[in-house]
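Q: Please take a close look at one part of this model: the place where the two chains meet. Keep it brisk, and give the cut-offs.

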Amino acid sequence: MATTTTKTETFVGKRIRRREDPRLITGTATYVEDIQMPGMHYAVILRSPHAAARIRSIDTKKAVSAPGVVCVFTGKDTKGVGAVPCGVAMPDLRVPQHTILATERVYFVGHPVAVVVARDRYLARDAADLIEVDYEVLPAVADPEKALAKGAPAVHPQWPDNVAFTYHQDGGNIDKAFAEADVVVKQRIVSQRLVPMAMETRGVVAEWRGADRQLNLYTSTQIPHLVRTIVAAMLGLEENRMRVIAPEVGGGFGSKLNVYAEEALMGYVSMKIQKPVKWIESRRENFTCTIHGRGHVDYYEVAAKRDGTILGIKLKLIQDVGAYHQLLTPLIPQLSVLMMPGLYNTQNIRGDIIGVFTNCVPTDAYRGAGRPEATHGIERMVDILAAELKMDPAEIRLKNFVTKDKFPYPTATGLMYDSGDYATPLKKALDLVGYVKLRQEQADLRKQGKYMGIGISTYGEICAIGPSPATPAGGWESATVKIEPSGKVTILTGACPHGQGEETTFAQIAADELGVGLDDILVIRGDTAVVQYGIGTFGSRATAVGGTALYYALQDLKAKIKKFGEMLLESDDVSLMIGQVIDNKSGKAKTFQEIAGAAYRALKLPPNTEPGLLATRFWEPPNFTFPFGAHIVVTDIDDETGQIKIRRYVAVDDCGNILNPLIVDGQVHGGVAQGLGQALWEQAVYDDNGQLVTGELTDYAVPRAQMMPWIESHHTCTPSPINPLGVKGVGEAGTIGCSPAVVNSVVDALSPLGVRHLDMPLTPEKIWKVVAKKN
Amino acid sequence: MKINLSINGKSYSQDVEPRLLLIHFLREVAGLTGTHMGCETSLCGACTVELNGKAIKSCTMFAVQANGAEIVTVEGLANNGKLDPVQEAFWNEHGLQCGFCTPGMIMASKQILDRNPSPTEEEVRHGLEGNVCRCTGYQHIVNAVKAAAAGAGK
């Protein structure tokens, strides 16, 4: 019989290598593309080469009769399938009908027009080239500010002003704040469109089992249960007849926190051909057809007193929506408005959003989702204000921070910050980087005509998303813990980790609570037929919300274990420790195996107790969590080439309690890489015709190993009072903290030239032009 | 066309279409799905395998071009269940998150160490130039390659 290890060793807080890794380092993990089934067919999607066009006709005859082809479907065939939904409800939200294949018009380059199904992927690709589509090309608009201008082409003819939605929020008395100000600084700040670029593109395998009336959908997603609910509705299928499996998922960063046309389309195809069908997104499709992130033009105004006290913040935010709303599109800029005040103690804000349709792929959640944009905005503005007042950027921050005696702190935007100590990470970062000495060095270098900059960003986040009333689809998370008859522990989590390591951290939590070894625990996720309904992994929520659901399920289970222990030990005074129940009086003990055996054999039961050892909890968080931190970046700029060299990158992040420092460091590093990508290199560029110019890795510069600086990752620890684990979340911290620190550093370096602001990405060309012009 | 090649020490003799990509031969003919297609343009390196001792991108090579070659994929590294030191180092140093780039990263890292058993951080980063990871920020991957180098030198 299997034995459950009993250990006095604890696991939470230790640098434990991940339990998911063996399959990943040996090439034996199963991603969607690795799934093979008997009779499986392959789908290739024909997409629009135009950003705006009317479809006059589609001729599929040649494609249908091509070798290996089973069928071709167009928008006429799929008219009965429900539209791709927007999950956000807002007053006056304009929601265009988002059919899974184009019908009369196409609205962006990459818009799906037809699907070819063949017995082989090469033959499907060949046949797609034989489809003849007669397009009447129409004028397009790809820039949100141009789309708002009078006379701009209408993306959707029924809404000639291209306005998708507006949103307004006032807090405090903004007019009074600006009237009383000694100084007002204003700046237009762009947070450019980015491509999430998960290493695994999207992919779907759909398997219709007609006799069972059952659709199995394997899809690379962060939210399998939500995909099931929505796609079943789109297909008119009962939800319990659909099973969604997120197998190994090769990165998401928000881009797979969505429901896409292709998921329903593959379900439709499989139901039509009565065979399994596979579609794997090409990298080109991933660039043109998977959601983009950011896409802001922000107009900021900050009012302050001469001593640096911030009185109020105004923001007019122009959000590039793209051609449609995807699942959360209109929600993302609202997160920016909620986060407008950053870490600063100002009670007067005004935020206005205009969401604008463009002939581009929709924007939606990408790592940080609205929060990097907000942090970039406020952290740039604070530096601009400091420069205006000739104050030190560290000093102006320390002056305006919400102080640690003010928590829980209500913000002007209606949030309640849970806990915080904002000065500590900044002071720690200043010490680590040697701030005073660096400023002296900078003064010396300036005398020699050299450009060195020190950039500070102090960021806050809205994480552990979130209380259900504040979310479109429920913000709780679920967990089931089972102790099997052999004493082994199985955890089913409604979260859907895809690289974040919860197979390890959740095992750490359970191992400590139950007093068993990590090897006794298995964590299962990502299968709607196995796991109770869950929400998924995004918004730095899996551990703070899903881990808490797990924690409470473990408490329920421990109570039940104790009851069985009391019965078996004939004692009313027992303790649960190191994988057994001990009679506190006699010292006699029953192991988990003995208790599990008794619970499942059920010859005798404790009073009012059912057989079995299983507990499920759905945990509703009472609030978000609010991690914070300080990043400092030291740059040296080569005035001959415009190259920016990062000399130091110091990150001090406070994500509350840390369950596994190895994993937390990994999250910070990866987050910083994506923030640095935005700050220095990445940009989704559409030309005036709506063609994505940066549509491949040749043109879109994701960070590579030799482009990354060494990241000095440190922490402070302010536990969250919102959950019993005291955790806040760390998945997005690096990204949110990074970009303003980098840009502030470069602007600081170039400030002797009169530079006050630069928009991202800070390419060498951009910097060189600045330096060359001034020289 | 008929081709003969060896993958992880096993011989394959197969009729293939001339246009079949090597990666599709590995994944779908040989059933070795550890090698991943990340970009189809040899820019991301997820498809990196060893061919006649050199790291190559299997997404931009035809299977017929590999006729007569000896190929090693990530599945061929562990020996009787014992991990290769580079695999072990990636695990110990948390050199992976989603894992999609990892097989290619491990093959590229092996190549770096084959050419230079004790590389500097800069040499490691330069050697990984052809492989994209979107999760880790590369720092733990650099640590892993350096740890593997240190371990092998013991």
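A: What follows covers the interface of the chains, then the domains of chain B, then two residues of chain A.

This is a predicted model, so to speak of limits first: local features need pLDDT of at least 70, side-chain atom pairs count only at pLDDT 80 or more, and totals for chains, interfaces and linings use all residues. Residues are numbered from 1 along each chain as its sequence is written, chains are lettered from A and ligands numbered from 1 in the order written, and side-chain values use heavy atoms, with hydrogens and water left out.

Start with the contact between the chains. Chain A brings 57 residues and chain B brings 52. Contact here means heavy atoms within 4.5 Å. The size of an interface is often given as the accessible area lost when the parts come together. For chain A and chain B, about 4600 Å² is buried, with 54% of it on carbon and sulfur atoms. Buried area is the accessible area (1.4 Å probe) that two parts lose on being put together, summed over both. On the side of chain A, the residues that lose the most area to chain B are A:Ile25, A:Tyr122 and A:Met199. Together they make up 18% of what that side buries.

Now the polar terms. There are 5 salt bridges between chain A and chain B. The rule asks for a side-chain nitrogen of Lys or Arg within 4 Å of a carboxyl oxygen of Asp or Glu. A:Arg17 and B:Glu88 form a salt bridge through their side chains, at 2.9 Å from N to O. Polar contacts link 33 residue pairs across the two chains, both residues at pLDDT 80 or more. A polar contact is a pair of N or O atoms within 3.5 Å; within protein, one must be able to donate a hydrogen and the other to accept it, and residues adjacent in sequence count only if both atoms are side-chain atoms.

Which helices of chain A take part? At least two residues each come from α1 (21-25), α3 (121-128), α8 (283-289) and α17 (661-681). Helix α17(A) gives the most, with 9 residues. Helices are DSSP runs (H or I, at least four residues), strands likewise (E, at least two), numbered from the N terminus. By class, this side of chain A holds 26 nonpolar, 16 polar and 15 charged residues. Nonpolar covers Ala, Val, Leu, Ile, Met, Phe, Trp, Tyr, Cys and Pro; charged covers Asp, Glu, Lys and Arg; the others, Gly among them, are polar.

Chain B has its own internal interface. Its domain 1 spans 2-76 and its domain 2 spans 85-152; the bounds come from an automatic or database domain assignment. Their centres, taken over C-alpha atoms, are 21 Å apart. Domain 1 of chain B puts 18 residues into the contact, and domain 2 of chain B puts in 13. About 1100 Å² is buried between these domains, 57% of it from carbon and sulfur atoms. B:His36, B:Thr48 and B:Val74 supply 38% of the area that domain 1 buries against domain 2. The rule finds 0 salt bridges there, but 8 residue pairs are in polar contact.

Back to helix α17 of chain A, which includes A:Val664. A:Val664 counts as buried because its relative accessible area is 8%, where buried means under 20%, exposed over 50%, and partly exposed in between (1.4 Å probe, protein chains only). Beyond four places in sequence, A:Val664 touches A:Cys655, A:Ile658, A:His715 and A:Val730.
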